[in-house]
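Visitor: Show me the model, please. I would like to ask how its labels were assigned.

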Amino acid sequence: MEQLTALPQRLLDGAAALLAAHPMAGEWYTAFVRFLFPVLAVLILFRAVRSLLRIPHTPEIWGQLSLPNGAPILLTHWENIIGRGRTADVYLNYPSISRQHAALCRGEDENWIIYDLGSKGGTLVNGEKVEYSAPVKLGDTITLGGVPLFFLPQTVSEREKLEEKRRAERPAAIWPSFLWLTVFQVLACLQLLVAAGEAVSVAVPLAFLGLTAVMWLYFAILRCTRCVGFEMETIAFFLSTLCLAVTASSAPASLFKQFMAVLLGLILFLVLGLFLRDLGRVQKNRWLMAAMAIGLLGVTLVIGQSKYGAVNWISIGPLSFQPSEIAKICYIFAGSATLERLFHRRNLSLFILLTGVCIGCLGLMSDFGTAAIFFVTFLVIAYLRSGDFATLSLICGAAVFGAGIIVKFKPYILSRFASWGHAWEAASTTGYQQTRTMSAAASGGLLGMGAGNGWLHRVPAADTDLVFGMLCEEWGLLIAVLAVGAIMTLAFFTVRACRVGRSSFYTIAACAAGSLLVFQTCLNVFGSVDLLPLTGVTFPFVSNGGSAMMSAWGLLAFLKATDTRENASFAIRRGPQRRLTEEARRRTEPVKDPFGTEKEAENEED
């Protein structure tokens, strides 16, 4: 290893000596790139953000129900709630139908099952009453509260039009963004070398070169598998580049460790995305994930070490990690993978128990920032599963009551919030970090002082809890706002994509992960500038920390799984492309339904 770094180190020493002899060259370079970096950041993010926000998502059609008057109702999800309620997936305004009457679900094996949700009017399939569930085949008659519906496939012409429309929604080519990001990484590396001067380290160019190589290798491999749509990865790689820059400025010795965290996070992103392909496998492992979430927090509570007042770190030799970051992924996985309980919308007891145990462990560890993140994530999942504001209001009231009890027995907790909103009045004590962060952010202005030229990194937790201040100081307010906007873009995309999501698991998990990323970003940003209490949480993808980086990439896999654009998500199993040949058309026969309308039924293999 020493032989590999000896020659690059000698070259860097020579470059440092050259800069020392001509100091104006470094100053001119810094002045130039300060104006160039925001332009490059806009070029990097523009195509990705525009593609995520503007491309319409045409829903996938898995079947249709024919009303007594012959009007079709398309089934665009794998789990469809049928009822008179306005929130039902299939809205039927008949007085004999309950608000949530039945659920029509498609399995991985393409077989359909209908569940009666305790309706008053009852559910029948071909005249036989459904006690709890019954299989449904194409051509069957489903009767809900006396209203007959004919279950039909999509017609050949409808499928052909839909496929043409979906192919027209091809994501924009992202390689230009990768190219601009490469330029950004090279210039950032040079800027950090210039700022370091004689203290230059070979770890800086090696880390940035490694990130560039990993980025392009990932792009090349997935393009060989016909994958498209790398907008989310572009955002993640851009934020990870800022993370390496922050780490190089504040803790150069940790730069290699942080690069390895990015690499491991990318591997976790791929593995989790491929694992999410099989919903049956997801269901089988939900209890394992719940046990892992509790186990990670429980082990930390027993053998964890205190850092910044919270017992949330485990050290093994020279390595240390934060299990609560990985527990976030397990918690969302376990809370979302409960499809068989989804129809019993008020039955949240087990999920509430899991949440209570996790938040209780975090409270005992005094990690109240992460506890707040878990609670907000719980509210998102619980609302998507139940839609019951009354129950959630009671839960929120109980949470406030529980927080009051904790403060009663641990009054020292209030001291952490004593300076909230009054940081300048306690600038030398409890408001020390916030006041320094705001001063550094103000000194950076719109363009920043240049990567590596700041002073905030000397303040404790500057590259983790206060990293927004470092971004503003060294990179400028423009790039700091773009970093926050990139996280918000992921959340907006999730909201749009979930409207046409295949399964409720993908929808719930993505909304929970997106909400977690946004809420965590808000706590970090607003806490560092004294708009919220400083809770000690990280900025996703940007803060220095291996566990936090891996967690952010893992959460991104849930968002990627909601992307239903053709070949845009490796988390969606791709079958053979359907080709409507003349032979397939000859296998299509008209089927006459009981209501006197003719429909085409396909007998082709999917």
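Guide: In the hairpin formed by β13 and β14, I314 has F321 as its bridge partner in β14. This is a predicted model: local features need pLDDT of at least 70, side-chain atom pairs count only at pLDDT 80 or more, and totals for chains, interfaces and linings use all residues. Residues are numbered from 1 along each chain as its sequence is written, and side-chain values use heavy atoms, without hydrogens and water.

Visitor: What makes β13 and β14 paired strands?

Guide: Two strands pair if DSSP finds at least two bridges between them. Between β13 and β14 (residues 319–321) there are 3 bridges, and the strands run antiparallel. They therefore meet the definition. Strands here are DSSP runs of E with at least two residues; helices are runs of H or I with at least four; both are numbered from the N terminus.

Visitor: What lies between β13 and β14 in the hairpin?

Guide: A turn with 2 residues between the strands. G317 in that turn has a positive phi of about 65°.

Visitor: Which strand joins β13 through another set of bridges?

Guide: β12 (residues 305–307). It is joined to β13 (residues 310–316) by 3 bridges, antiparallel. Q305 has W313 as its bridge partner in β13.

Visitor: Why is I303 called exposed?

Guide: Exposed means over 50% relative accessible area, buried under 20%, and partly exposed in between (1.4 Å probe, protein chains only). I303 has 51%, so it is exposed. I303 is found in helix α9.

Visitor: Why is the contact of F184 with W475 called stacked?

Guide: Rings of Phe, Tyr and Trp (its six-membered ring) pair if their centres lie within 6.5 Å; planes under 30 degrees apart count as stacked, over 60 as edge-to-face and the rest as tilted. A search of the whole structure finds 24 aromatic pairs. In the pair of F184 and W475, the centres are 5.5 Å apart and the planes 20° apart. The pair is therefore stacked.

Visitor: What does this pair tie together?

Guide: F184 is in helix α4 (residues 175–196) and W475 in helix α17 (residues 467–475), so the pair ties together parts 291 residues apart in sequence.

Visitor: Are F184 and W475 buried or exposed?

Guide: Buried. F184 has 0% relative accessibility, and W475 has a relative accessible area of 2%.

Visitor: How do you know that R281 lies over the face of F275?

Guide: A charge sits over a ring if NZ of Lys or CZ of Arg is within 6 Å of the ring centre and within 35 degrees of the ring normal. R281 is at 4.8 Å from the ring centre of F275 and lies over its face.
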